[in-house]
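Biologist: Walk me through the terms used for this model. I want each label set against its definition.

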Amino acid sequence: MTEGLSAWQLIASGDAALLAIVRLSLVVSLSAVTCAALVGLPLGASLALTRFPGRTALIVLLNGFMGLPPVVVGLAVFLLLSRSGPLGSFGILFTPPAMIIAQALLVLPIIAALARQTIEDLWREYRDELTAMDVGSVGRIATLLWDSRFSLLTALLAGFGRAIAEVGTVMIVGGNIDGFTRTMTTAIALETSKGDLPLALGLGYILIILILTINAAAWGLRVWSEQRVNG
Amino acid sequence: MRAPLSDLPLILDDVSFRAGGAVILDHVSLSIEPGYPTLLVGPNGAGKSSLLRICMGLARPTGGTVTWGGRPESRPLRRAFVFQRPVMLRRSAAANVAYGLRQAGYPRRLRGSRVQELLDRVGLLDYADRAARSLSGGEQQKLALARALARDPELLFLDEPTANLDPAATRSVEEIILGASHSGIKVVMASHDPGQIRRLAGEVLLLVRGSLCERGTAAEFFDSPSTSEAAAFVRGDFVL
Amino acid sequence: MLRRSFLFCLSGLLILAGAMSASMAEDRSINVASTTSTQDSGLFGHILPLFKQKTGIDVKVIAQGTGQALDTARRGDADVVFVHAKAQEEKFLEEGFGVKRFDVMYNDFVLVGPKSDPAGVAGSKDITSAFKAIRDKQAPFVSRGDKSGTNLAELKLWKEAGIDIDSAKGPWYRDVGQGMGAALNTAAAMNAYVLSDRGTWLSFKNRDDLEIAVEGDKRLFNQYGVMLVNPAKHPNVKVELGQAFVDWLISPEGQAAIAAYKIDGQQLFFPNAHDS
């Protein structure tokens, strides 16, 4: 990015580097949340519906992992994906796919734990009826997930918020490569360390506005959907 | 997929049920045969709900056996249950009925029109696209009936379906139930309202403190009860 | 069903990853592990476009501390390593991870400090006596503490001043464990002395009350070296493209590009690939 310009000037001029950074942040975090949801929602639902020895311990573990330090997740994924590591032959370290994987792992516990809680509460309500209608386990999971979709959307937003705001994971796993793996948060860290605090702060404002916009859009979606269902 | 096997006669042989240290059902034996509605009556706390749930297969007895059409295990493919406080899915009324059809394996192409039929039968056709949870108590009860009938049941269990309803709603629900019975469905219903029992019953079973103490046709029960409990019940006294 | 959706997702990710890495292998790019101070100086922004123009090769710089950069190269996650810690680079070579080491350029360190100059060292050309004065006056001093080239140079200077810093350090010595920019930020906020490379200092914008206190001492010179990572240890190293970069850096063209990089009219790096 050009030296000396404020973040707002860069937006106004449609600075290509800034747009690339914003786009990468969104692509990485949205993809991460999608992957985490594909695994985490059924996982949370299964956990809510089944009983097995050690279930309580697993739930406590999952809840605890909601607070996994991003930098630790980044380090763990780095060691896995490094050429010297077990998955090194894929050669994806320091690329966006590695960032997506790492953020998905970071966000998975949040989505699974919140889904479990939501589904468990709803199951208590639906249990008799679904059992009387002879609904099988797959059907139960699908029904509960669909009927709690608004609460689950909140869980997804929580996951997205965590992903787009973190810097530790993507910094280690992506390497903050100019024009390739630089996201908003790593760019802010870089500009701060270069002492260009106004630019860093400006980028920070842009990031916050982005997050608020996405949350507002999700809220609007929820209101519109509820209106459709409730006529 | 229709199961070719019938759940009737439904036979309880010396069934007991304990829960939380208390005896809820105490050596109950009975058999449910096709025909007029069977009304399960008794004071609150007598164990009617538990008995219905065991007949449905939602609970297992702690003693004794249950057989459906002679079989000790039977998936509820041809049974349906209407709870006292039914739970509607967070969807429209029509979607709730469609859900019942889908779970019962009703062919997809025909579901739409069948949903309309069922809603019409319970008088809720105008509410098809309303959110089910925004309906009144009586309307939800009727919707639950529609959803249960969607299963094309052979056996329909109802646990005090009109206990929380006003007289007008009670009358319409009773009409639907009678209609179902006339179309060949065996209705087994819990009630503690003598008027309702008179209106609906073919057969009456009196349950007091977990034991079956009287059994007979409606006429026998009301005109010549053989036990003191039954007599007290018919008089409207407390049955202790 | 759960396992199936998990496998589905995982395979989707791997396919995505594979596709991306395949497309990356086709495009001409190399990973260069370098240091944050080199990145922060802005040198790469200046010379890499010139290199790309000439060869069409994309250079992806992963900027870390020197220790971390060498570790990245040891793991085979970079094709070329470009740092400024000669002793560590030679160890790297001895261990067999590098092919050959070439001098590229040098810049110098400067001791930056508050205008109030509590240690009384401003204007001096003797770095070791300046360090002694700082220790004697217990003036606040920020150290990077991250095994970077700058950090190692700082530790070497304490030793040359005859000070065992591990036992001499007290509350006046602040070990921040971070990169150059962060250390400068901290020093500015604390009004402390800090050893910085000239490049980062010149592009640093948050100076507050800091200014150069000591410069020009020969012991403050900072030599940069470049090495191709040894393909014998890591077959995935892009030998041809990496060697092209190494060759260009030490070629007259590359050396001129380095010399041409200026901040506020001041040259930051002095090419010396062919000095003996």
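The questions below take the chain contacts, then one sheet.

Modeller: This is a predicted model, where local features need pLDDT of at least 70, side-chain atom pairs count only at pLDDT 80 or more, and totals for chains, interfaces and linings use all residues. Residues are numbered from 1 along each chain as its sequence is written, while chains are lettered from A and ligands numbered from 1 in the order in which they are written.

Biologist: What makes a residue part of the contact between chains A and C, and how many residues does each chain give?

Modeller: Two residues are in contact if their C-beta atoms, placed from the backbone, lie within 7 Å. By that test, chain A gives 28 residues and chain C gives 32 residues. Helix H2 (16-49) and H5 of chain A each give two or more residues to this side. H2(A) has the largest share, six residues. Helices here are DSSP runs of H or I with at least four residues; strands are runs of E with at least two; both are numbered from the N terminus.

Biologist: Which classes do the residues on that side of chain A fall into?

Modeller: They divide into 15 nonpolar, nine polar and four charged. Nonpolar covers Ala, Val, Leu, Ile, Met, Phe, Trp, Tyr, Cys and Pro; charged covers Asp, Glu, Lys and Arg; the others, Gly among them, are polar.

Biologist: How many residues make the contact between chains A and B?

Modeller: Chain A supplies 13 residues and chain B supplies 18 residues. On chain A, helix H5 (96-132) and helix H10 (197-230) give two or more residues each. H5(A) has the largest share, six residues. The side of chain A divides into five nonpolar, three polar and five charged.

Biologist: Which pair of chains shares the most contacts?

Modeller: Chains A and C, of the two pairs in contact. Chains B and C do not touch; their nearest C-alpha atoms are 19 Å apart.

Biologist: Why are E5 and E9 of chain B called edge strands?

Modeller: Strands pair if DSSP finds at least two bridges between them. The open sheet of six strands runs E5-E6-E7-E3-E8-E9 in chain B, with mixed pairing. Strand E5 (79-82) and strand E9 (211-217) of chain B each have a single partner strand, so one side of each lacks a neighbour in the sheet. The twist averages 15° from one strand to the next.

Biologist: How do you know that E6 and E7 of chain B pair?

Modeller: They have five bridges, in the parallel sense. The definition asks for at least two. They therefore count as paired. One bridge joins B:Leu155 to B:Lys186 in E7(B).

Technical notes: Axes are lines fitted to C-alpha atoms, for helices over the stretch in contact, and angles run from 0 to 180 degrees between N-to-C directions.
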